[in-house]
Structure formats: C-alpha cells, structure tokens
Amino acid sequence: MPWDPIKLNDGSAIPSIGFGTWRLGNGDKPTDEVEQALSLGFSHIDTAQAYQNETEAGKAIRESGLAREDVYITTKYSGLNKKDIEDSIKDSLKNLGVGYVDLYLIHHPRLAVPDIRTAWEQFEGLQGAGLSKSIGVSNFGVEELKALLATAKVKPAVNQIMLHPYVYAKQKPILEYAKKHGIVIEAYSTLIPLTVLPGGPVDKPLKKIAEAKGVATEQVLLAWAKAKGAVVLTMSSKKDRLERYLEAGDVELSEEDIEAIDEAGARGALHFRFKVFGKRLALAAALGALALGFSFISGVDLVSTFNLV
C-alpha cells in the first residue's frame, strides 16, 4: 500500500494518508475509531482543539501499544476558550498525553490574532521549544500565505484545505502557490462528491475508472487527491472502508483519468456552491427561529445580539 511519506520543507516527513477525528465528538466513539484505524495500519492521526476529542485520541494512541515515534500526531490551534497559542498547545499536549506533537496548525486565518505575523512568530517559538516538530496552517488562501511568508523565518510545512473535484478549480491557485514555495497540501473532505453530493457530474468518470480498474469509486477519488500531491485525510467507522482507503494507495490514475475527473468537477462546481449556500441559508433560518423563540420567552433580543438577520 504505497501511501509513501511525503518530505516536508523542514526536513521531516509526513504519512501521506491520515485518519481525521472531525465530527467524531467525544466519549468512547473517537477512542474506539482511532484505535481501529491504528490497528488497520493508519499511522497519522489528525485532531484539533475545536474537535474536543484530543483526550480520546490520546487514549487510543497510548492503548494501541505503538511507540510514540510510530504515530504521527497533528492537532490545531482553534482559539478554544479564548486561550492564547502557548497555553493552547500545552493543553493539547496534556490532553493527548504526549510531550510533543508532530504538526501544529493554525486552524483558520481568522484565528491568527492579533495578526498573521504575530501569531506565526509564536508558532515559530513553539517549534523552537520542541513542542511541535513541524508547524503549518489550515484554510489559508493565497493572500494569507503571502502575508505569512512576507515575514516568516520558518515556512509553514503544510496548508490543510478542502480538496475535492468540485472545488479543485477554486483551490488550484492555492495548490500552485504552495507548490512554488515548498508547502505541502493536506486535503480534507475529498469524498464529498460521493458522501454529500452523489449524482453529480463526477460520478460518471469515477464509476467508469473504478470499473476499468476493478476498484471502488472512493478509492479512485482518494487516488485523485494523491495524484494532486496532497496528503489525504479521511475517516470512517467501517473497518472495510478504512481498509479500502489504505488500499487506494495502490491505485494509479492516468493523465486522462485525472483530466476527466477535473473536467467533471468543474461542471459540477456551481451545483456544489448552490448546495453549500442552501445549507448555510437553512442553518441561518433555523438559528434565527431559535433566537426568536428564545427572545419571546426570555425578553433577550438574540437576533440583534448574534447578527442573525
């Protein structure tokens, strides 16, 4: 299963497939699922302050019996509980039960307070102190990366972004800029065309390629992200799916295969944007209704307070 490690610009290497804990919540579920992933051969666990399951992930890692150096741990500064960067990483290390993480990310450019330059200087300090071997960012666009690199002493090792065929054209400038500056892209939500938007234009080439190669469509999609040079982050509670994800490292796509997926993704991009907009509109409406109801009961003007209209 050649999910070979990818060399980072600081000289270290990152496993090219990782198990993510986003949406797993807390309690026994994330512990059990991280344990399962590790037992099947995943060696890269991705979590974050905001996921609130670092403790559970850490428990699973310790109970796996694997040596600390055999598990690559990523977590992120999410600004949780309004704690600063240094206190946050110390909390994360305590939660995970480790002395260092392999990769620490700024979860979103909005969290780089008071500004990107200052926040990144603090990240460089964490790396210098040995609290994280590598440092990077998440959800940064080209302009944010430019602002960071303008003053950085240490380049970010990675930029973790959403990457699937329906957003590829939009994200392509980020991939190109990152490649130019030696920043590795980590891809999350790669399977969205199958899990959230089935029936879209990408289905046809995925099915055709999968049938020709005798593999599953999700394996083709992961192989597509791999072909873009990205570290792939994925998750599932199903053992057989995780096994297929690992086996996807063996799937080789031709240039024609990749182009067919890219073209279908471009055709479906507008559909994806409308789908996302519709969900956000529905969420805003639900929150607005909740606020109005609470306002009526309590007399508090939550609609104005939270700028829901």
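Trainee: Which residue does UniProt give the feature "active site" in its unreviewed entry?

Mentor: Happy to help! This is a predicted model, where local features need pLDDT of at least 70, side-chain atom pairs count only at pLDDT 80 or more, and totals for chains, interfaces and linings use all residues. Residues are numbered from 1 along each chain as its sequence is written, and side-chain values use heavy atoms, leaving out hydrogens and water. UniProt annotations may be inferred rather than shown by experiment. With that in mind, the UniProt record places "active site" at Y51.

Trainee: Is Y51 buried or exposed?

Mentor: Y51 lies in the loop between β4 (44-46) and α2 (54-63). Buried means under 20% relative accessible area, and exposed means over 50% (1.4 Å probe, protein chains only). Y51 has a relative accessible area of 14%, so Y51 is buried.

Trainee: Which backbone nitrogen does the side chain of S78 reach?

Mentor: S78 sits in the loop between β5 (72-77) and α3 (85-96). Leaving aside residues up to four places away in sequence, S78 touches several residues (heavy atoms within 4.5 Å), including H107 and A50. At 3.1 Å, the backbone nitrogen reached by the S78 side chain is that of A50.

Trainee: Why are the buried residues of α8 on the same side?

Mentor: In helix α8 (residues 203-213), the buried residues are P205, L206, I209 and A210. They share one side of α8 because the arc they cover around the axis is only 130°.

Terms used: Helix = DSSP H or I, 4+ residues; strand = E, 2+ residues; numbered from the N terminus. Polar contact = N/O pair within 3.5 Å; in protein donor to acceptor, adjacent residues only side chain to side chain. Arc of directions from axis to C-beta.
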